[in-house]
Amino acid sequence: MSEDDEKYAVVTADAGASETVSIEAGQIRKGGYIMIKGKPCKVRDVSTSKTGKHGHAKCKFSASDIFTGNTCEELCPATHNIDIPVVTKKDWDVTGMDEDGYIQLMDEAGDCLLYTSPSPRDS
């Protein structure tokens, strides 16, 4: 590497927002997560049909979008791969709220965060 290459080295980072993993559709169970039309959803119900004349059992997923709560449905052969999102759930405790509408949060490790949100007093 020349001196110019080191000077302009490109460093990248990934927020992980679009991270998915493929899994066989027949392995997804109620309470799991699934991508439906590009949206991460939590599976509410799974029904599997028997093998038909074309040789594939079908899985019908009824799920709700984890961000909006909208209901989504997907039908997929049980042996085909389907994407599931990598979901990291984190619990936070509300420790206080200041006059400017900032909510103070703390996680299990003791890390603090200030989050701006519409104040309930403004509603």
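## Overall make-up

Helices and strands here are DSSP runs, with at least four residues for a helix and at least two for a strand, numbered from the N terminus. By that rule, this predicted model has one helix and nine strands in its chain. Along the sequence, the pattern reads α-β-β-β-β-β-β-β-β-β.

The chain has 123 residues, and 23% of them are buried. About 9500 Å² of the chain is exposed. Carbon and sulfur atoms supply 49% of that area. Now take the contacts between residues at least 6 apart in sequence. Of these, 35% join residues at least 24 apart.

## The open sheet

Four strands build an open sheet. Their order is β2-β3-β4-β5, and they pair in the antiparallel sense. Strands β2 (33-36) and β5 (71-77) stand at the edges. Each has a single partner strand, so one side of each lacks a neighbour in the sheet. From one strand to the next, the twist averages 45°.

## From β2 to β3

Start at the β2 edge. Strands β2 and β3 are antiparallel and share four bridges. One pair to find is isoleucine 34 and its bridge partner in β3, cysteine 41.

The two strands form a hairpin, with two residues between them. Lysine 37 sits in the turn and has a positive phi of about 55°.

## From β3 to β4

Next comes the pairing of β3 (residues 39-48) with β4 (residues 58-65). These strands run antiparallel, and seven bridges join them. Threonine 48 stands opposite cysteine 59 of β4.

## Serine 62, inside β4

Serine 62 belongs to strand β4. Its relative accessible area is 17%. Buried means under 20%, so serine 62 counts as buried.

What does serine 62 touch, leaving aside neighbours within four places in sequence? Its contacts are Val43, Arg44, Asp45, Thr71, Cys72 and Glu73. Val43, Arg44 and Asp45 fall within the residue range of β3, 39-48. Thr71, Cys72 and Glu73 fall within that of β5, 71-77.

## A nonpolar patch on the surface

Now turn to the surface. Ile66, Phe67 and Val87 make a nonpolar patch there, of about 290 Å².

Valine 87 lies in a loop, between β6 (81-85) and β7 (92-97). Is valine 87 buried or exposed, or does it fall in between? Its relative accessibility is 34%, so it counts as partly exposed. That class lies between the cut-offs of 20% for buried and 50% for exposed.

Methods:
Residues numbered from 1 in each chain as written. Predicted model: local features only at pLDDT ≥ 70, side-chain atom pairs only at ≥ 80, totals over all residues. Heavy atoms only, no water. Pairing = 2+ DSSP bridges. Axes fitted to C-alpha atoms, helices over the stretch in contact; angles between N-to-C directions. Buried < 20%, exposed > 50% of the residue type's maximum accessible area, 1.4 Å probe, protein only. Contact = heavy atoms within 4.5 Å. Patch = residues over 30% accessible without salt bridge, like charges linked within 9 Å, V, L, I, M, F, W, Y side chains within 5 Å. Areas by Shrake-Rupley, 256 points an atom, 1.4 Å probe, with all protein chains shown as cover. Salt bridge = Lys/Arg side-chain N within 4 Å of Asp/Glu carboxyl O.
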